[in-house]
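Please open the model in your viewer and keep the selection tool at hand. We will go from stop to stop, choosing something to select and then looking at what is there.

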Amino acid sequence: MSERVLHSHISPSAHFTAYVWYRRGLSDAAFISTFGRFSHSVLRPVMWASRRFFDLDLENMLLLRHLQIDACLHCAIENHGVRQVVEIACGLSPRGRRFTQRYPQLRYMEADLPDMAERKRQLLARNGWLGDRHQVTAVDVFAQHGVNSLASAFAQLDRDEPVLVITEGLVNYFPRKQIELFWTRLAGELSAFSAASYITDLYPELQAHPRYQQIRWGVDLVGKLTRGEYYLHYADAEAIGSGFKACGFAAVEVIDPSLRATDLGLPIAKGPGLVRVVHAHM
Ligand SMILES: C[S@@+](CC[C@H](N)C(=O)[O-])C[C@H]1O[C@@H](n2cnc3c(N)ncnc32)[C@H](O)[C@@H]1O
């Protein structure tokens, strides 16, 4: 199976999340698609049932991760002088648009597999949003060389300026060993910059969680819906820290956004949080 075929099953979920960002006022109508609206309406009964019977609110979970990543990015720009951002696996996320509007000094490079990158490029161009400060490039996080490799994307950046890399909704679609290869290659690229860090969401394997059985069921469902697998990585914050350090990062912050729900403007979640936001520094 080619790499392209291997990972393309994940791309439809980008349409679903894009619709969630739009519905919650985080995005412009330009970012939504018919498929996003359709998949959201198909999944609505499932989301209702998991809220009603298991206290698991999928949309709230997605918003927690999205808004926590935003909060870390605001802080990196305002307090740590970050002027270059690379958002890999950007899908139809509106973050690049929101942040380039807010921070005129920022250069924002969005990246995704070639088909999605082309779609995003056309979307931004159509709306007059594409330019020197907001670009899109094709990247396959597993490409070891060539035009779609990380090396090729990072060659377009200024190594003397701090850089921040984001992935959202990507890492749990791959087995740990495979995603660690990406993180190791990413850390190698980031080591060439004056200052660099990486932010990602991550769903750990929280076996002690009171809803563990339902979570496993939900994870299997996501796997089926995306015609692939969905993997939970690491048992706790300590294991996450060790895992990222083994990939080449020097310091790792693991945030449970559910503990910051009020600051993020979201309702307090029932029960322990499921998603973590990891901010790994070189
Ligand atoms: C669940 S979507 C998330 C999109 C967006 N980050 C969001 O949160 O709305 C996953 C994205 O990962 C992209 N993707 C899948 N495999 C990839 C790979 N090997 N390299 C880069 N991007 C990939 C898909 O094309 C898709 O846009």
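How far is an oxygen atom of the ligand from an N or O atom in the side chain of Arg-65? Select both and check: the distance is 3.1 Å. Bear in mind throughout that this is a predicted model.

**Stop 1: around the ligand**

Stay with the ligand and show its surroundings, where you will find 23 residues. The closest are Ser-11, Thr-17, Ala-89, Asp-112 and Glu-168. Pick Thr-17 from that group: an N or O atom of its side chain lies 2.8 Å from an oxygen atom of the ligand. Now turn to Val-141, where the contact involves the backbone: one of its polar backbone atoms is 3.0 Å from a nitrogen atom of the ligand.

**Stop 2: helix α2**

Thr-17 leads us to its helix, so select α2, residues 12-23. Is this helix largely enclosed or open? Of its 12 residues, 9 are buried, so the rest of the structure largely encloses it. The buried ones are Ser-13, Ala-14, His-15, Phe-16, Thr-17, Ala-18, Tyr-19, Val-20 and Trp-21. Add α3 (34-54), α4 (58-80) and α6 (114-126) to the display, as they are included in what covers these buried residues.

You can also check the helix length with the distance tool. The end C-alpha atoms of α2 are 17 Å apart, which agrees with the 16 Å that 12 residues should span at 1.5 Å a residue. Just after α2, click on Gly-25 and look at its phi, a positive value of about 75°.

**Stop 3: the sheet**

Next, show the strands. There are 7 in an open sheet of mixed pairing, and the order to trace is β3-β2-β1-β4-β5-β7-β6. The edges belong to β3 (134-138) and β6 (251-255); each has a single partner strand, so one side of each is left without a neighbour in the sheet. On average, neighbouring strands here are turned by 20° against each other, direction ignored.

Zoom in on β1 (residues 84-88) and β2 (residues 107-112), which run parallel and are joined by 5 bridges. To see one pairing, select Val-85 and its bridge partner in β2, Tyr-108.

**Stop 4: helices on the sheet**

Bring in helix α5 (residues 95-102), which packs on the sheet and touches β1, β2, β3 and β4 (163-167). Its direction makes about 175° with that of β2. Finish with helix α8 (residues 176-190), which also packs on the sheet, touching β1, β4 and β5 (196-202). The direction of α8 makes about 160° with that of β5.

Note on methods
Residues numbered from 1 in each chain as written. Predicted model: local features only at pLDDT ≥ 70, side-chain atom pairs only at ≥ 80, totals over all residues. Heavy atoms only, no water. Pairing = 2+ DSSP bridges. Helix = DSSP H or I, 4+ residues; strand = E, 2+ residues; numbered from the N terminus. Axes fitted to C-alpha atoms, helices over the stretch in contact; angles between N-to-C directions. Contact = heavy atoms within 4.5 Å. Expected span 1.5 Å × (residues − 1). Buried < 20%, exposed > 50% of the residue type's maximum accessible area, 1.4 Å probe, protein only. Near = heavy atom within 4 Å. Polar contact = N/O pair within 3.5 Å; in protein donor to acceptor, adjacent residues only side chain to side chain.
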